[in-house]
Amino acid sequence: MRIAVLSDIHANLPALEAVLTALGPVDAVWHLGDVVGYGPQPDEVVARLQELGAVGVRGNHDAAALDPEMAEWFNPDARLAIEWTGGRIGAATRAWLGALPDRRESQGLTLVHGSPRDPTWEYVMTGSEARANLPAFGTPHLFHGHTHIPIAFRDDGGRMETLGPRDGATLILDDRRVLANPGSVGQPRDGDPRASAMVLDTATSTLTWRRVAYPIAATQAAMRAVGLPARLVTRLERGL
Ligand code: ZN
């Protein structure tokens, strides 16, 4: 099976479409949360994921779109965007977001948004944070998002190796435990504005990271048209 692993799509439909095209035919689509927030097309992105039969988990922005009190934890621009999202989304999107679990196991892998010990909020940025989370999941490997940075952590005899995967990088999943992050489809933050995603090939136990150019200006125009904060618009072209 080839499985597209997507995270932090953030209501950016042009980025999602470009990634789906670039990855080619897949047997399944998994997402790691933050389907909405920041971007201009929440209903459209959720409808597209539904059409694909995507399965995944709830991110902090997905939760906050349904619960305005959670938005109080956000920075001012993120908060404005999630309040806009909460007022904009339709009943079908609300129902789909509301049904997302905090964590999911599939094909012997654990999926979470932030971390296994705090799926909604914790950022796993460093080897020590990854190591501290090893006892919190029971499968050999885990996929997580939330940081918007493509990265993998591998437990090599008690030492956590940190791998910074570039476009086309592959990692074979063996008996060493791995936490892998595909990066963000809709709002990359590693200085490369291209959408980031991962493909899992279960036949060869291989993970491959991909970077995909998309029409950033189209997303930016849609954001301006609905009055989303200017700083959120400009950060897309910088990938920060
Ligand atoms: Zn996010």
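**Exercise 1. Work out how much of the chain is buried, and how far apart its contacting residues lie in sequence.**

Start with cover: 55% of the 240 residues of the chain count as buried, where buried means under 20% relative accessible area with a 1.4 Å probe and protein chains only. Before going on, please note that this is a predicted model, in which local features need pLDDT of at least 70, side-chain atom pairs count only at pLDDT 80 or more, and totals for chains, interfaces and linings use all residues. Residues are numbered from 1 along each chain as its sequence is written, and side-chain values use heavy atoms, with hydrogens and water left out.

Next, turn to contacts (heavy atoms within 4.5 Å). Among those with a separation of 6 or more, 72% are between residues 24 or more positions apart.

**Exercise 2. Count the helices and strands, then judge the compactness of the chain.**

Helices (H or I, at least four residues) and strands (E, at least two) are DSSP runs, numbered from the N terminus. The chain has eight helices and 12 strands. Its radius of gyration is 17 Å, close to the 18 Å of the globule rule for 240 residues, so the chain is as compact as a globular protein of that length. That radius is taken over C-alpha atoms, and the rule is 2.2 Å times the number of residues to the power 0.38.

**Exercise 3. Trace the open sheet of six strands and find its edges.**

Two strands pair if DSSP finds at least two bridges between them. Reading across, the order is β3-β2-β1-β11-β12-β9, with mixed pairing. The edges are β3 (55–56) and β9 (170–172); each has a single partner strand, so one side of each is left without a neighbour in the sheet. Inside the order, β1 (residues 2–6) and β2 (residues 28–31) run parallel, joined by four bridges. Here Leu-6 stands opposite His-31 in β2.

**Exercise 4. Describe the surroundings of strand β7.**

First, cover: six of the seven residues of β7 (residues 150–156) are buried. Second, partners: β7 pairs with β10 (residues 178–182) in the antiparallel sense over five bridges, and Arg-154 stands opposite Val-178 in β10. β7 also pairs with β8 (residues 159–163), again antiparallel over five bridges, with Asp-156 opposite Arg-159 in β8. Third, the turn: the hairpin of β7 and β8 has two residues between the strands, and Gly-157 takes a positive phi near 65°.

Key: Buried means under 20% relative accessible area, exposed over 50%, partly exposed in between (1.4 Å probe, protein chains only).
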